[in-house]
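Reader: Hi! I'd like a close look at one part of this model, and then whatever connects to it.

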Amino acid sequence: MQHTSPQRATEDATRSPVTLHVNGTAHTVDLDHRTTVLDALREHLDLTGAKKGCDHGQCGACTAIVDGRRQNSCLLLAVAHDGATVTTVEGLADGERLHPLQEAFLARDALQCGYCTPGQICSAVGALAEAAEGHPSHVTAPDQAPDRPVELTPVEIKERMSGNLCRCGAYPHIVEAIEDVAR
């Protein structure tokens, strides 16, 4: 009869295999239960586009698309998202062709240091999808029909992107880039 030491049993009880479908590829990794989706992406899958800014869900640098919705990946426990579909900034391009938002950010010079840019772009992808689906924001007109797309005016874009901070202050160009793609 084989006995497991109490320490070994505790170690085993704190880890689980987790499968994340990241950028079209399934990855199964053995993770500590405290591992966030952000840490799984960066430390276990070597996808470093999403950044660890505040690690409290306040800056948006870690934004990724999780099961079709933009999420602060630093707040998501990976074990709770076993089987989830995750798109990071690395997965937005189509081969060598950049995503339209990536192209617009370059064309509008909507970045300086670039630290927040992956999160800004993933958040903008989510904001465009939400508006297209008719999801209102705080500034959406009260008479907006719930089943109609929301027009992405500069005020609407600023509100929808308010969870993403840019330490360099590239906000005007970020709004212009998103406007270009929304048209």
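Which residues does Thr36 touch, not counting residues up to four places away in sequence?

Author: Quick housekeeping: this is a predicted model, where local features need pLDDT of at least 70, side-chain atom pairs count only at pLDDT 80 or more, and totals for chains, interfaces and linings use all residues. Residues are numbered from 1 along each chain as its sequence is written, and side-chain values use heavy atoms, with hydrogens and water left out.

Now to Thr36. Leaving out residues up to four places away in sequence, Thr36 touches Ser73, Cys74, Leu76, Leu77 and Ala78 (a contact means heavy atoms within 4.5 Å). You'll find Thr36 in the loop between strand S2 (25-32) and helix H2 (37-44); helices (H or I, at least four residues) and strands (E, at least two) are DSSP runs, numbered from the N terminus. Thr36 counts as buried because its relative accessible area is 10% (buried means under 20%, exposed over 50%, partly exposed in between, with a 1.4 Å probe and protein chains only). A polar atom of the Thr36 side chain also lies 3.0 Å from the backbone nitrogen of Asp39.

One of those neighbours, Cys74, is worth following. Cys74 is buried too, with a relative accessible area of 7%. The closest cysteine sulfur to that of Cys74 belongs to Cys62, but at 3.7 Å it is too far for a bond (a disulfide is a pair of cysteine sulfur atoms within 2.5 Å). In fact, the structure holds zero disulfides. Cys59 is in none either, and the nearest cysteine sulfur, in Cys54, is 3.8 Å away. Cys59 is buried, at 3% relative accessible area.

Arg160 makes a nice second stop. Arg160 sits in helix H5 (residues 154-160) and counts as buried, since its relative accessibility is 7%. Not counting residues up to four places away in sequence, Arg160 touches ten residues' worth of neighbours, among them Arg70, Glu130, His135 and Leu152. With His135 there's a detail to zoom in on: the backbone oxygen of His135 lies 2.6 Å from a polar atom of the Arg160 side chain. Gly68 and Arg160 are 92 residues apart in sequence, and their C-alpha atoms are 16 Å apart in space.

Technical notes
A polar contact is a pair of N or O atoms within 3.5 Å; within protein, one must be able to donate a hydrogen and the other to accept it, and residues adjacent in sequence count only if both atoms are side-chain atoms.
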